[in-house]
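Take a look at the chain below. Keep it in view while you read.

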Amino acid sequence: MRVLLAGFGSVGRALAGLLERRREELYRRSGLSLKLVGVLDSQGAALSEHGLDARTLVDVKSRTGTVGNYPTYGLRREDELRLIRETAADVFVESTPSTLNNPMPTMERLKAAMGSRKHVVSVNKAPLAVAMPALVELARFNRVQLRYSGTVGAGTPVLATARTLSAGDRILKVRGIMNGTTNFILWRMTEQGESYAGALAEATRLGYAETDPSTDVDGVDTATKVVIIANAALRLNATVKDVRIAGIRNIEAGVIESAKAAGSAIKLIGEIDAESRTLSVSPQRVDRHGPMDVPAALNAVQFELENAGPVTLVGRGAGGPETATAILRDLTDIWHASGAHV
């Protein structure tokens, strides 16, 4: 299976290394032979039908700022949409950063890939948040697969779990802590008694929060994940415009202390009610030391099932290596679903 990758930040680099390390094992287990034939970044590209070396890609990117300086096979500032359409690849992997305010460049890449009959794996949440029903239909029209398990929970299989549960039962409600940055901030405020500003500063120092944390603390990142779960598991045909959003920016120490006194903790919860078809993000109380009171930057998603009751999944929701494992899981699923191994 030939893979064309867009984006060579922490996720892209982790994926290149993972594909190289797992190559022999994957072939031995299922006959899947993965070859990275192209990488695109904002300044150039590296393309080779024979496959690209992960160490060389990382070295060139680190030293020069672009994979376009890859020896022999590097290209500088090419038309990326043309490269996506014309490169002989089976799967296009979209791993550029999510930009909800400007999702169109990513949308165009996905459309170019599917239009040229390439399967797509995306860990960029933005296009799915604003146009997931349209992208699913586009994939169906072009008879290709669209996978996106790394957009929610990174390496923690939230979407796969949701699909498995819904196959044998009915999901009535989904509630989850889906953003590690906000969970870390609220956890520090609860456990250490820090102010919001102090907890945010610590999250920034440790790399959990970006220089501009608005997408996280205002609930937008959680809202995009709510939309993806709603579409993937509950078929609600939702976009981010359908989500009522309230963030944690205005949470004060008194609110945290009041919750603690009542045996609760404040968490930023993304919620889907299948019955009323409502989607929301807001700070809510959860039972202190209960299944949703996870520490630090962990995520937790709870599915309420009609017959089986609550099922909770806990894990790390971000990180380059974690997200790369989700991409590899999607690539393997595409391989099996396509019947290419038969």
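This report covers the cores, one helix, some ring pairs, a lysine and a few backbone angles. The model is a predicted one.

## The cores

Start with the inside. In soluble globular proteins, nonpolar side chains tend to be buried together. Here the largest nonpolar core has 69 residues. Within this core, the residues with the most contacts are Ile185, Ile229, Ile272, Leu279 and Phe303. Which helix gives the most to this core? Helix α10, residues 220–234, does so with nine residues.

There is also a second, separate core. That one has 31 residues, including Leu15, Ala16, Leu57 and Tyr70.

Now pick out Ile229. Set aside its neighbours within four places in sequence. Ile229 is then in contact with Val152, Val158, Leu159, Val174, Met178, Leu234 and Ile272. Ile272 is itself on the list of residues with the most contacts inside the largest core.

## Helix α10

Helix α10 has 15 residues. From first C-alpha to last, α10 reaches 20 Å, close to the 21 Å expected at 1.5 Å a residue. Is α10 mostly covered or mostly uncovered? It is mostly covered, with 14 of its 15 residues buried. Arg235 follows α10 and has a positive phi, near 55°.

## Ring pairs

The count of aromatic pairs comes to three. Tyr70 and Tyr73 form one that is tilted, with 6.4 Å from centre to centre and 45° between the planes. Tyr70 counts as buried because its relative accessibility, 8%, is under the 20% limit. Tyr73 counts as partly exposed, at 34% relative accessibility.

Phe184 and Tyr208 make another pair. Their ring centres are 4.8 Å apart and their planes stand at 45°, so this pair is tilted too. The pair links distant parts of the chain, 24 residues apart. Phe184 is in helix α7 (residues 180–191), while Tyr208 is in the loop between α8 (196–205) and α9 (214–217). Phe184 is buried, at 4% relative accessibility. Tyr208 is partly exposed, with a relative accessible area of 37%. Ring pairs also bring in Trp187, which is linked with Phe184 and Tyr208 into a cluster.

## A buried lysine

Turn to strand β10, residues 264–273, where Lys267 has its place. Is Lys267 buried or exposed? It counts as buried, at 1% relative accessibility. What does Lys267 touch, not counting residues up to four places away in sequence? Its contacts are Ile177, Asn183, Leu186, Ser282, Pro283, Gln284, Val286, Met292, Asp293 and Val294. Ala232 is 35 residues from Lys267 in sequence, and their C-alpha atoms are 24 Å apart in space.

## Positive phi in two loops

Two residues that are not glycine are set out here, each with a positive phi.

| Residue | Phi | Loop | Relative accessible area |
|---|---|---|---|
| Arg277 | about 60° | between β10 and β11 (278–287) | 53% |
| Ala296 | near 50° | between β11 and β12 (298–305) | 22% |

Arg277 is exposed because its 53% is over the 50% limit. Ala296, at 22%, is partly exposed.

How values were computed. Residues are numbered from 1 along each chain as its sequence is written. This is a predicted model: local features need pLDDT of at least 70, side-chain atom pairs count only at pLDDT 80 or more; totals for chains, interfaces and linings use all residues. Side-chain values use heavy atoms; hydrogens and water are left out. A nonpolar core is a set of buried Ala, Val, Leu, Ile, Met, Phe, Trp, Tyr and Cys residues joined through side-chain atoms within 4.5 Å. Buried means under 20% relative accessible area, exposed over 50%, partly exposed in between (1.4 Å probe, protein chains only). Helices (H or I, at least four residues) and strands (E, at least two) are DSSP runs, numbered from the N terminus. Contact means heavy atoms within 4.5 Å. Rings of Phe, Tyr and Trp (its six-membered ring) pair if their centres lie within 6.5 Å; planes under 30 degrees apart count as stacked, over 60 as edge-to-face and the rest as tilted. The expected span of a helix is 1.5 Å times one less than its number of residues.
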